[in-house]
Amino acid sequence: MVLEVEHLRVAFRTEKGLSVPVRDVSFSIPENGRVALVGESGCGKSLTALTVGGLVDRAEIEGRISRPSRIAYVFQNPMQSLNPVMRVGKQVEEGLEGRSKVACLLSLVGLPSGTEKKYPCELSGGQQQRVMIAMALAQEPDLLIADEPTTALDVTTQSEVLDLIGRIADERKMAVLLITHNLGLVARYSKFVNVMYAGEIVERGEVKSVLSAPRHPYTQGLLAAVPRLDAPKDAPLVDIPGTVPPPTAWPTGCAFHPRCKFVKPECSREGFNGLCPQMAENRK
């Protein structure tokens with residue numbers, strides 16, 4: 001395994017009390033593997049990834065993380081990550097020992113000659129994200145963490161960026177952890193998926209198995225919310241009622257029970273840690 005995370009817990013001391021955005025999270029990524037961490041905003045996906053990358057300060061961290069020495073991170077908003085007053089070539093060069101590889105890296109990610117002389121504001125969102133990918137590849141990582149890499153990109157550019165990451169991962173034998181809320185992207189670009197809600201992983205498995213027969217009500221809700229091209233024109237958009245609660249106020253029992261249409265009395269009991277009743281029903 002290139003990455004192993006066991007019983008990860010990340011907590012912060014706040015004025016409102018102890019906040020635990022990540023609770024008992026365990027997952028692994030095999031060498032050259034493609035694994036996705038999926039869930040709505042506020043579920044703890046990005047914080048889990050940042051902790052794996054060693055980028056979290058002032059937190060109480062428990063559990064075990066066995067990670068490779070070379071990890072690269074592609075953040076979700078390249079315009080906020082790139083320095084607006086530096087040419088992109090100079091920014092890519094910071095991760096290298098010399099300038100000779102800058103042009104090669106930019107060419108690798110499909111950017112034309114001369115891009116290194118431009119400022120971030122002169123590039124489109126997709127080109128900015130390609131620069132971020134080039135910077136991530138500078139140290140030849142064993143694991144690439146892509147945190148919502150297609151945020152604010154149009155559908156065509158999303159596909160181009162993810163295809164690029166997949167192609168380079170294959171060529172370099174590199175493992176990829178994809179952070180996203182979109183199960184449609186997971187179906188195409190990952191082999192294994194971990195579905196996260198309220199700081200916990202509620203369902204996991206091979207993508208084909210989970211998406212073809214989701215057992216947890218939350219996974220079912222996420223899948224139902226993916227727009228379908230074959231749906232009638234007047235079909236209403238499907239969503240999950242309510243919102244993800246804040247980490248300082250996780251519900252007792254199963255954290256999803258206030259939003260679950262299959263909720264049963266035992267789901268809200270203090271200390272509930274059994275199998276979701278609906279998941280048990282789906283096993284039959």
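**Exercise 1. A tyrosine and a phenylalanine**

Decide from its relative accessibility whether Tyr 73 is buried or exposed, and work out what kind of ring pair Tyr 73 forms with Phe 75.

Solution. Tyr 73 has a relative accessibility of 11%, so this residue counts as buried, where buried means under 20% relative accessible area, exposed means over 50%, and partly exposed lies in between (1.4 Å probe, protein chains only). The model is a predicted one, in which local features need pLDDT of at least 70 and side-chain atom pairs count only at pLDDT 80 or more, whereas totals for chains, interfaces and linings use all residues. Residues are numbered from 1 along each chain as its sequence is written, and side-chain values use heavy atoms, with hydrogens and water left out.

Phe 75, at 31% relative accessibility, counts as partly exposed. Next come the rings: a search of the whole structure finds four aromatic pairs. In one of them, the ring centres of Tyr 73 and Phe 75 are 4.4 Å apart and the planes stand at 25°, so the pair is stacked. The rule behind this is that rings of Phe, Tyr and Trp (its six-membered ring) pair if their centres lie within 6.5 Å, with planes under 30 degrees apart counting as stacked, over 60 as edge-to-face and the rest as tilted.

**Exercise 2. A ring pair that bridges the sequence**

Classify the ring pair of Tyr 197 and Phe 256, and state which parts of the chain this pair ties together.

Solution. The centres of these two rings are 5.2 Å apart and their planes stand at 85°, so the pair of Tyr 197 and Phe 256 is edge-to-face. Tyr 197 belongs to strand 8 (residues 192–197), while Phe 256 sits in the loop between helix 9 (217–224) and helix 10 (277–283), so the pair joins parts that are 59 residues apart in sequence. Helices (H or I, at least four residues) and strands (E, at least two) are DSSP runs, numbered from the N terminus. Both Tyr 197 and Phe 256 are buried, and ring pairs link Tyr 197, Tyr 218 and Phe 256 into a cluster.

Pro 245 adds to this picture, for its place is also in the loop between helix 9 and helix 10, and at a relative accessible area of 16% Pro 245 is buried. Although Pro 245 and Tyr 197 are 48 residues apart along the chain, their C-alpha atoms are separated by 9.9 Å. Leaving aside residues up to four places away in sequence, Pro 245 touches Tyr 197, Trp 250 and Pro 251, a contact meaning heavy atoms within 4.5 Å.

**Exercise 3. The nonpolar cores**

Find which residues have the most contacts inside the largest nonpolar core, and which elements give two or more residues to this core.

Solution. A nonpolar core is a set of buried Ala, Val, Leu, Ile, Met, Phe, Trp, Tyr and Cys residues joined through side-chain atoms within 4.5 Å. The largest one has 33 residues, and those with the most contacts inside it are Val 109, Val 131, Ile 133 and Ile 165. Two or more residues come from each of strand 5 (71–74), helix 3 (88–93), helix 4 (100–108), helix 5 (125–137), strand 6 (143–147), helix 6 (155–172), strand 7 (175–180) and helix 7 (183–189). Val 109 itself touches Arg 130, Ile 133, Ala 134, Leu 137, Leu 164 and Ile 168, when residues up to four places away in sequence are not counted. Apart from the largest core lies another, of 23 residues, among them Val 5, Ala 49, Ile 145 and Ile 179.

Ala 49 is also one of the buried residues of helix 1. Six of the eight residues of helix 1 (residues 45–52) are buried, so this helix is largely enclosed by the rest of the structure.

**Exercise 4. Positive phi angles**

Compare the surroundings of Glu 148 and Lys 173, and state for each whether it is buried or exposed.

Solution. Glu 148 has a positive phi of about 45° although it is not a glycine, and lies in the loop between strand 6 and helix 6. At 10% relative accessibility, Glu 148 counts as buried. Lys 173, likewise not a glycine, has a positive phi near 55° and is found in the loop between helix 6 and strand 7. At 59% relative accessibility, Lys 173 counts as exposed. A glycine with a positive phi, of about 70°, is Gly 54, just after helix 1.
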